Amino acid sequence: MRRASTKPELLIRRELHRRGLRFRVNHPGLPGKPDIVFTRARLAIFVDGCFWHRCPVHGVLPRNNRDWWEAKLLRNVERDREKDAALSALGWHVRHFWEHEDPVRATDEIARLWRHLLSEQASGGRP
């Protein structure tokens with residue numbers, strides 16, 4: 001299984017780039033190495049796989065070795081919350097998208113949030 005540059009992630013990155021938004025990929029200096037990072041806006045994006053992160057719509061548990069898989073996947077979700085908390089404590093905004101989400105809609109939301117965060121910074125932190 002790939003950890004980085006999955007197909008859903010690439011689709012979102014291509015759409016962001018097409019719109020002129022520039023970002024860093026898998027920033028090593030941040031907790032959890034977010035998939036997409038907008039450093040100026042302090043925005044970290046994760047594109048989560050439905051199986052590995054227990055999507056409520058598409059997440060399934062394998063029948064074989066069910067207890068082990070349940071513990072493994074539950075720990076993945078706990079680790080997601082830990083890295084979100086660590087990023088928030090550092091002043092970062094975190095957003096997760098599921099692999100099944102429409103990349104254009106995800107990009108729309110990312111772009112809106114990115115613009116909002118930058119305009120908030122420009123106005124001195126006032127919304």
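## Helix α1 and its two faces

In α1, six residues are buried: Pro-8, Glu-9, Ile-12, Arg-13, Glu-15 and Leu-16. Look down the axis of α1 and these buried residues sit within an arc of 165°, so they line one face of the helix. Flip to the other side and you find Lys-7, Arg-14 and Arg-18, which are exposed. Bear in mind that this is a predicted model.

As for its dimensions, α1 runs over residues 7-18, twelve residues in total. From the first C-alpha to the last, α1 reaches 16 Å, close to the 16 Å expected at 1.5 Å a residue. Just after α1 comes Gly-20, with a positive phi of about 90°.

## What sits over the buried face

So what covers the buried residues of α1? The cover includes three strands, β1 (24-25), β2 (36-38) and β3 (43-48), along with a helix, α3 (103-122).

## The sheet

Next, the strands. There's an open sheet of four strands here, in the order β1-β2-β3-β4, and its pairing is mixed. Which strands stand at the edges? They are β1 and β4 (93-98); each has a single partner strand, so one side of each is left without a neighbour in the sheet.

Further in, β2 and β3 pair up in the antiparallel sense, over three bridges. If you want to find that pairing in the structure, try Val-37, whose bridge partner in β3 is Ala-44. Helix α1 packs on this sheet, touching β1, β2 and β3. The direction of α1 makes about 30° with that of β2.

## Two cysteines, no bond

How many disulfides does the structure hold? Zero. Cys-50 is in no disulfide, and the nearest cysteine sulfur to it, that of Cys-55, is 3.8 Å away. Why is there no bond from Cys-55 to Cys-50? Because the closest cysteine sulfur to that of Cys-55, the one in Cys-50, is 3.8 Å off, and that's too far for a bond; the cut-off for a disulfide is sulfur atoms within 2.5 Å.

Are these two cysteines buried or exposed? Cys-50 has 4% relative accessibility, so it counts as buried. Cys-55 has 3%, so it counts as buried as well. The cut-off behind both calls is under 20% relative accessible area.

Key: Residues are numbered from 1 along each chain as its sequence is written. This is a predicted model: local features need pLDDT of at least 70, side-chain atom pairs count only at pLDDT 80 or more; totals for chains, interfaces and linings use all residues. Side-chain values use heavy atoms; hydrogens and water are left out. Helices (H or I, at least four residues) and strands (E, at least two) are DSSP runs, numbered from the N terminus. The expected span of a helix is 1.5 Å times one less than its number of residues. Buried means under 20% relative accessible area, exposed over 50%, partly exposed in between (1.4 Å probe, protein chains only). The arc is that of the directions from the helix axis to the C-beta atoms. Contact means heavy atoms within 4.5 Å. Two strands pair if DSSP finds at least two bridges between them. Axes are lines fitted to C-alpha atoms, for helices over the stretch in contact, and angles run from 0 to 180 degrees between N-to-C directions.
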